[in-house]
Amino acid sequence: MEQIEPFAEGFFIALAPEFVLVIGLFTLMIVPNMGNAKFRIPLTQIRIPWLLGGQRGKFDSDPRLPGLFATVFYTIAFLLTAVSFFGGMNKTQIVTPSGTVMLQIDEFSRMFQLIFFGALALASAASVNRIPATSRADRSLSGLYNNRRQVDFYILLITTGLGMAVVALAQDLFMLFIGLELASFSTYVLVSFMKETKEGTEAGMKYFIVGSVASGVGLYGLSLLYLWSGSLGFTELQTAFAETGMEALPLIALGMLLVGFGFKVSAAPFHFAAPDAYAGATAPVAGVLATASKAMGVLGLLRILLIIASPEATDGSAVWLVALGVLSVITMTWGNLAALGSTNPKRMLAYSSVAHAGYMLAAITAIGALNWEEGHVDMSNDAALAVVTALIFHLTVLVCFKLGAFLVLSMLESEKGGHTLESLGGLAKREPIIAAAMFIFMMSLAGVPPLSGFVSKLLVIMGIVKVALLDVTVNSDLVFSDIHWVWYLALLMVINSAISVFYYLRVGLVMYFNDPEEGREGPLARGTPVRMAIVLCLITTVFFGVGAGQLIALAESAANALVGAW
Amino acid sequence: MTTDWISVPLVGLPLIASITMLAFVASASPAARHRIGPSVRMFTLLLSLGMLVVTTAMFFGFNQFAGEFDWVTMEFSKFNHEVRYVWIESLGIHWTVGMDALSFPMVWLTTFLLPVTIVATWNEKNAAVYFPLILMMGGALIGVFVALDLFMFYVFWELTLIPMFFLILKWGGHDRKYASQKFFIYTFTASVIMLLGLVTVYFLQPENLSYAGAWTGRTFDIPTLTAHAQSVNGSDWFLGESLQKILFVMLMIGFLVKLPSVPFHTWLPDAHVQAPTGGSMLLAGVMLKMGAYGMFRLPLAFFPHAAHHFQLALLALGMISLVWGAVVCLGQTNLKKMVAYSSVSHMGVILIGIATMQPLGWAAALFMMFAHGIISPMLFAVCGAFKHHYHSMEIGAMRGMAKHSPWLATSMMFGWMASLGLPLLAGFVAELMMFLALWHFLAAEGWSVLWMVGPAFVLAITAAYYLWSMQRTIFEGGDETQPPESLKGQSVPDIGDAEKLAMIILAVFTILFGVMPWIALDMMNGWTTAFFHDLLIPALNRGGA
């Protein structure tokens, strides 16, 4: 593993995707402000073109410009990450001169960055025509705003991505927390970006208050950990935990960190803000919350539970096993039952996202149930690899269909729909392809083969069942009670996915059965970027289902980078 | 020259063609969609006819073309036209297809019903979408029957839901929204439980069988798993008995709901009554048989001990389905609902056949699957025509049909007679065999022969409701000079040429398989005998059961 000090040789190459985003950030700040302003040298008549300010041109005051810029920069970042991932992964650590590891670039972090950048690129493409722009013909005061609002929006979107990238790379709880907060604060503002609407303001407030409380609790847990071990590096904490992990202080600290990340993955009982936030935010932002932001939370959970408090540290199974198991059951059941009763499709998707968080927590629980005794480590390592692979696969394909569903809703939002199920009525007549895409997204969420949602659910179930059956010796004396209880998590998962079909199918019924609402006849508003994004989501949803092999291999190599480190 | 690859396009072609057509239609304007309807219809008909030709050629000619081809003396781990491609290597998932005497009749039946359905519903509205959906349904059904990989089996198993859901939702009756939702949720719930069972089986198998996944070390390959179940001796059976029982139940839930058996049957009448004619024909003709097919392919082959253990439970379920379905039929006033419940009753016959655990009973079940697959589409085609012409499904809405619509009346009479088990028609053979098998079973177990009274009584009930409904529709009442009131003054219709053609084809094949049942029965007999000889009896003997 190569080690590089900040700003030393190779530093910028190693972190190229992140620096592309930084460049994008400055571009977004500068370009829309370019005008014909001139700077007069005092006491002379010489005017030097200064370019910042003044009358802006047609190009840089275009309301679509920031969105296109953000999309392009995210796409470049995505491609650079992909290049670094596929083109012979060069594992690199960024270390301080004193030798503390701050960031680590490996398959695991790069895979998550692909998820983040992919989701954000799609979301920014979908937002291009979405943020209300004042018309250029408007000569009044509001005309001055032109594309200023869009600029704010996309700057925040890019800082979100930067924060997430830092979370993915962090090898130190402090770095991780900084990244987390950078991403969180950007999303707080993004959620309430539609400040004119009552829902937007309410959503932003709720999300901010609950989120900052969760962050505060997490931060307190962090400081307790520091108090206990005197370091926040993952490796140091891991060593400390292996020695004296079973004390009250680190366990309390761990619980508090769990709260912080539980909010991010919207696990019950920290999920209360999620439905309001999703419903009040614009659909692309809600999609980012449900995919990239959730992936960030899972990433944090994996780092903390598997690396720091790795099950290996205890004999038999992990300390947090039962707590997390109970949490996962509550989360998936609550999410599904609440989704059954919601008539707002965005709230419905929010609750379905809670349910998916429950499935993922169940998978993480399964890792905790592994037996890490001597002579069993290899098998356990194998099983843990399977579960982490399933999680990464799930998070990746979630970007395809969950974000895709939000993007379809975002198209409806531009005609003030998308808040009621009825506004989807007759979509099959109005927009056959968009409706078919939405139906496929819903089926994928429900886990109908051969779509990617099915494969991801199957992988998670397989991971859990594999763990449950790891300890049994298969012979004719084997009875059912020999199977580890995490098997029941898989059972609850399939029952829950059966429940979930109700509400996913309802969307399809409304689109294909109901007639369009009054005043919603005819095709939806145009908007090439969002349509392209939806089609891209559709293709990947189907492709990663039918041709799941490649993505599983990628997810496996990423999981190996995390689990193999044990 | 080997023609093993043929079962791949048999699945792939209809699916790809239908999806392409649907995508093409979705991007067309409504007017253009209307215009291309007839050509889409013609294309689907030709494609399905081509598939029928292929499967029929498989039946007739392959002994000459390929010497090793023999449906009758099947072995378990040997399938005809077996092809295997790697799909997802890490998990041991392959695209494996192949046919044996269990699946081939079902595949042929599907390819046979596809063109018949298309012809029988020739004038269905919104043709450009309807016919591709029918084709997609056919492709998915064939996929279920030829799949020899658990993953692939499950994929196609669920894939059949999507076109059927849309067929009911878009072309169904008044209450179609409720019916389609119920249909989807019912069967989906059952199949996810089955899925968990399959995954558990997957991880309980010993590691490193053939075709195992690169990093799971397990295989989804059905022949391998069956062969393993066959080869191990009693004490090393790959699962303990208590575990077998639980997994058997989990898999059976999926199949019993699909079959359907009482008490899981309630989705069927709703789905049938609301479904369009074409949907009903495929649903009753082939889709229900997926349940019975799955039972033979998976739980009965994997867990013979558990099957033996639950023999009486299956028998009870079969008896209850048989009697309950028939009794409920007596109370129906809706023609299509009556036919739907009669399907439940006939599926009870299949279940009883399986529960007797003898080669004869299993052959009866297999032949019932096949015979019902030809007869029930005819019943639903009659119901569809009835609804289409008389705008009502109520028995008694139309009286004296024999005078006004002789063709429809004749078809109805023929279908009804076939369904109630008239000798020389296909249904009779299966029922007779089931009775014989049940008799054997009772004699072997030392039970009173009085148990036969139940099924025999059902025959009487079946005759009663069929005759009663015929009397009320075909013969009784109506002023011979006046058209019936329900027509509201419109002229008296009879079925069209396309429908006539479909009826004749179905009738001909009903007679054919009634007079010469051995065409299909021989291979089924061979298969069941081989199954008992090679797998079931050795396994049970070794297990000490």
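## Where chains B and A meet

Let's start with what's missing: the rule finds zero salt bridges across the interface of chain B and chain A (a salt bridge being a side-chain nitrogen of Lys or Arg within 4 Å of a carboxyl oxygen of Asp or Glu). Keep in mind that this is a predicted model, where local features need pLDDT of at least 70, side-chain atom pairs count only at pLDDT 80 or more, and totals for chains, interfaces and linings use all residues. Residues are numbered from 1 along each chain as its sequence is written, chains are lettered from A in the order in which they are written, and side-chain values use heavy atoms, leaving out hydrogens and water.

The two chains bury about 4300 Å² between them, 81% of it on carbon and sulfur atoms (buried area is the accessible area, with a 1.4 Å probe, that two parts lose on being put together, summed over both). B:Leu196, B:Phe203 and B:Trp215 supply 16% of what chain B buries against chain A, more than any other three residues.

## Who does the touching

On contact (heavy atoms within 4.5 Å), 46 residues of chain B meet 46 of chain A.

## Two helices inside chain A

Now look at helix H4 (107-127) and helix H14 (377-413) of chain A, whose axes come within 10 Å and cross at roughly 5 degrees. (Helices are DSSP runs of H or I, at least four residues, numbered from the N terminus; axes are lines fitted to C-alpha atoms over the stretch in contact, with angles from 0 to 180 degrees between N-to-C directions.) That crossing makes H4(A) roughly parallel to H14(A), a label for angles under 35 degrees.

Among the residues of H4(A) that meet H14(A) are A:Phe108 and A:Met111.

Notes: Parallel < 35°, antiparallel > 145°, perpendicular 65-115°, else oblique.
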